[in-house]
Amino acid sequence: MSQSDEVEAVPAVPVSQIGLPAALNLLEHGELEVLGRMVDASNATLYCAVTLDGVTAACVHKPIAGERPLWDFPDGTLAAREVAAYRVSAATGWDVVPPTVMREGPWGPGMCQLWVEVDEGCDRIALVRSDDPRLRRMAVFDAVVNNADRKGGHVLHATDDNVYGVDHGICLHTENKLRTVLWGFLGQPVPAETVEALTRLRTELAGDDLPAQLAEHITRREVRALRLRTDRFLTEGVFPEPGGEWRAIPWPAF
């Protein structure tokens, strides 16, 4: 992501600095000030400052009213899918997705996500082609949430040395739509830590709390499909391969 050159940057506040509960509270209840628009985004994506109790942080706000209709996803659901993807990320314990909430903004409800300060010295192409364990986690996460749009530009190496994935608006469909640049691990056995994380996710999906959280943002059929994809990953134990019935890489790739 890149912000408009016309706006002054707001300090990025990493989760490690204020803690996850405080970050989520800031995003959900802070005063939101729109400073600019991300001009290269296909949907309305606003660069904002959010302030609460003397803490100000940069964030991204995507109002539902600014979503462009898609032929294969229900209208007005992309922001909710971003929040649901964050909930799945949090359940794995990997924190692939930055803190994300649904909230009211100047143009109605939409998702709000903590801004990630990118390490500009990172070669993004080299990163997505690497064998970095954090990319393996992201590849597993994408397969589980059925990410239809993992472009290289959606993989961010942050200045805090974490690797985050962003732009999860077209995830969690019931039909197989996985499109990603992270095919470098296909057919390989998943690491033991991946099995542990997916087992933890599957346990939470079998309970009451996580399904109830997800049901606020996606349909019951989509929650059930998420559970089935998690089960399949645990049963097969290998990174998936492209299916052949759909385009395997998003366009543009970067």
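Here is a quick briefing on the chain shown above. It is a predicted model, so everything below was computed from that model. The chain has eight helices and seven strands, and half of the story is on the inside: buried residues make up 50% of its 254 residues.

**Overall shape**

- A compact globule with 254 residues would have a radius of gyration near 18 Å, and this chain comes in at 17 Å, so the two agree.
- If you line the C-alpha trace up along its principal axes, it spans about 50 × 40 × 35 Å.
- Now take the contacts between residues at least 6 apart in sequence: 71% of them join residues at least 24 apart.

**The cysteines**

- How many disulfides does the chain have? The count comes to zero, with a disulfide needing two cysteine sulfur atoms within 2.5 Å.
- Take C112: the nearest cysteine sulfur belongs to C59 and sits 3.6 Å away. That is not within the 2.5 Å cut-off, so C112 is in no disulfide.
- C171 is in no disulfide either, and its nearest cysteine sulfur, the one in C112, is 18 Å away.
- Are these two cysteines buried or exposed? C112 has 0% relative accessibility, so it counts as buried. C171 is buried as well, with a relative accessible area of 0%.

**The cavity**

- There is one cavity of 30 Å³ or more in the model, and the volume of the largest cavity is about 80 Å³.
- Which residues line the largest cavity? You'll find A139, D142 and A143 there, then L178, T180, L182, W183, F185 and L186, and finally F239 and P240.
- Sort that lining by type and you get nine nonpolar residues, one polar and one charged. The charged residue is D142 and the polar one is T180.

**A closer look at I64**

- Where does I64 sit? Look in the loop that runs between strand β3 (55-63) and helix α3 (78-92).
- I64 has a relative accessible area of 27%, which means that it counts as partly exposed. Buried would need a value under 20%, and exposed a value over 50%.
- I64 and D53 are eleven residues apart in sequence, and their C-alpha atoms are 27 Å apart in space.
- Which residues does I64 touch once you leave aside its neighbours within four places in sequence? I64 is in contact with G76, A79, P109 and G110.

How values were computed: Residues numbered from 1 in each chain as written. Predicted model: local features only at pLDDT ≥ 70, side-chain atom pairs only at ≥ 80, totals over all residues. Heavy atoms only, no water. Buried < 20%, exposed > 50% of the residue type's maximum accessible area, 1.4 Å probe, protein only. 1 Å grid on protein atoms, 1.4 Å probe; cavity = no way out; pocket = protein on both sides within 12 Å on 5 of 7 lines; lining within 4 Å. Points joined across faces, edges and corners; volume = space filled by probe spheres on them. Helix = DSSP H or I, 4+ residues; strand = E, 2+ residues; numbered from the N terminus. Rg over C-alpha atoms; globule rule 2.2 N^0.38 Å. Contact = heavy atoms within 4.5 Å.
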